[in-house]
Amino acid sequence: MSKYTHKVPEYNLITNLAIPVFLFIVRVWPLWLSRSFSWVITALYYPFLIKRRHNYQENLKHILGRDLSRWFLFRTTFKMCVNYGYYLVDLFRFEVREKDIAKMKEVSQGQEHIEEAMKQGKGAILLTAHIGNWELGGLLASELGYPLNMVYYPDNSEKLDRSRTFRRLTKGVKEIRLDPDKLSPLDMMRALGKNELVAMKGDRLFRDSGVKVPF
């Protein structure tokens, strides 16, 4: 798993300049143009993320083998960053209409497990991997009427973090912020005690607090 420090100067410099523009245009530009713009932003900041890029590539070596070419590692980690840009575009363009909710209900799977768990009156924990557009899943669950608490770690960019928080709260998603100065687990227990959902990612390491194990 990757190790992240809370502040990355080069990341903050670029995001503080680009994020306000990015958040504005994704709401007014067509999808294809918004994604093209996010690709350009990714290309601009990618060369500066030396430590992050190294962590991404080390993870790939653990999964796919140590003999990967430099070009493959560069191309794959760049695509990972591009996909993150697409995730942000989709998140901040997200608007739910009644017919969209009905359509999503038709194709959703596993919803009965959530409902069965909540019948117990003790809430439920939704555990996911750090992959895909997990934020949209939380927003949709709230729109479907589930009382959802999203466990999150603050982003390196305060502007992006505030925008993401605003997006969650306006859609009815409550937050539980992971903070070493606060007793976040107690907030999770309170939510479960009120028969609410607690959603979290289960595979992301912060503050070098993990334990090394063979992969």
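# A tour of the helix contacts and salt bridges

Begin by selecting helices α2 and α4, which pack at an angle of about 140 degrees with their axes 9 Å apart. That angle makes α2 oblique to α4, and the crossing in which α2 passes α4 is right-handed. As you turn the view, keep in mind that this is a predicted model, so the side-chain positions discussed below are those of the prediction.

Now show the side chains along this contact. On the α2 side, select Leu-31, Ser-34, Arg-35, Ser-38, Trp-39, Thr-42, Ala-43 and Tyr-45, and on the α4 side Phe-78, Cys-81, Val-82, Gly-85, Tyr-86, Val-89, Asp-90 and Arg-93, since these are the residues through which the two helices meet. Colouring them by class divides the contact into 9 nonpolar, 4 polar and 3 charged residues.

Two of the residues in this contact, Arg-35 and Asp-90, deserve a distance label. Arg-35 forms a salt bridge with Asp-90, and the closest N and O atoms are 3.1 Å apart. The pair links distant parts of the chain, because Arg-35 belongs to helix α2 (residues 31–45) and Asp-90 to helix α4 (residues 70–93), 55 residues apart. Are these two partners buried or exposed? Neither label fits: Arg-35, at 28% relative accessibility, counts as partly exposed, and Asp-90, at 24%, is likewise partly exposed.

Stay on α4 and centre the view on Cys-81, which lies in that helix. With a relative accessible area of 5%, Cys-81 is buried, because the cut-off for that label is under 20%. Leaving aside residues up to four places away in sequence, Cys-81 touches Thr-42, Tyr-45, Tyr-46 and Tyr-56. Of these neighbours, Tyr-46 can be checked through the backbone: the C-alpha atoms of Cys-81 and Tyr-46 are separated by 7.7 Å, although the two residues are 35 residues apart along the chain.

Next, hide α2 and bring in helix α7 (residues 134–143), which packs with α4 at an angle of about 20 degrees, again with a 9 Å separation of the axes. The two helices are therefore roughly parallel to each other, and the crossing of α4 and α7 is left-handed. To see where they meet, select Tyr-87, Asp-90 and Leu-91 in α4 together with Trp-134, Glu-135, Leu-136 and Leu-139 in α7. By class, this contact holds 5 nonpolar and 2 charged residues, and no polar ones. Asp-90 appears here as well as in the contact of α2 with α4.

From Leu-139, move to Arg-167, which is placed in helix α8 (residues 158–170). Is Arg-167 buried or exposed? Arg-167 is buried, with a relative accessible area of 9%. Its contacts, not counting residues up to four places away in sequence, are Leu-91, Phe-92, Arg-93, Phe-94, Glu-95 and Leu-139, and among them Leu-91 and Leu-139 also take part in the contact of α4 with α7.

For the next stop, select Glu-58, whose side chain meets that of Lys-61 in a salt bridge at 3.5 Å, N to O. Both residues lie in helix α3 (residues 50–64), and because they are 3 residues apart there, they are separated by about one helical turn. Glu-58 counts as partly exposed, at 22% relative accessibility. The side chain of Glu-58 also meets that of Arg-66 in a salt bridge, with an N to O distance of 3.1 Å. Elsewhere, salt bridges that share partners join Glu-135, Arg-164, Arg-168 and Glu-175 into one network, and the Glu-135 of this network is a residue already selected in the contact of α4 with α7. In total, the structure holds 9 salt bridges.

Finally, zoom out and switch to a cartoon of the whole chain, in which there are 9 helices and 4 strands. Followed from the N terminus, the elements run α-α-α-α-α-α-β-α-β-α-β-α-β. If you colour by accessibility, buried residues make up 40% of the 215 residues. A contact map gives a complementary view: among contacts with a separation of 6 or more, 79% are accounted for by residues 24 or more positions apart.

Definitions and conventions: Residues are numbered from 1 along each chain as its sequence is written. This is a predicted model: local features need pLDDT of at least 70, side-chain atom pairs count only at pLDDT 80 or more; totals for chains, interfaces and linings use all residues. Side-chain values use heavy atoms; hydrogens and water are left out. A salt bridge is a side-chain nitrogen of Lys or Arg within 4 Å of a carboxyl oxygen of Asp or Glu. Buried means under 20% relative accessible area, exposed over 50%, partly exposed in between (1.4 Å probe, protein chains only). Axes are lines fitted to C-alpha atoms, for helices over the stretch in contact, and angles run from 0 to 180 degrees between N-to-C directions. Angles under 35 degrees count as roughly parallel, over 145 as roughly antiparallel, 65 to 115 as roughly perpendicular and the rest as oblique. A crossing is left-handed if the near helix is turned anticlockwise from the far one by less than a right angle, and right-handed if clockwise. Contact means heavy atoms within 4.5 Å. Ala, Val, Leu, Ile, Met, Phe, Trp, Tyr, Cys and Pro count as nonpolar, Asp, Glu, Lys and Arg as charged, and the others, Gly among them, as polar.
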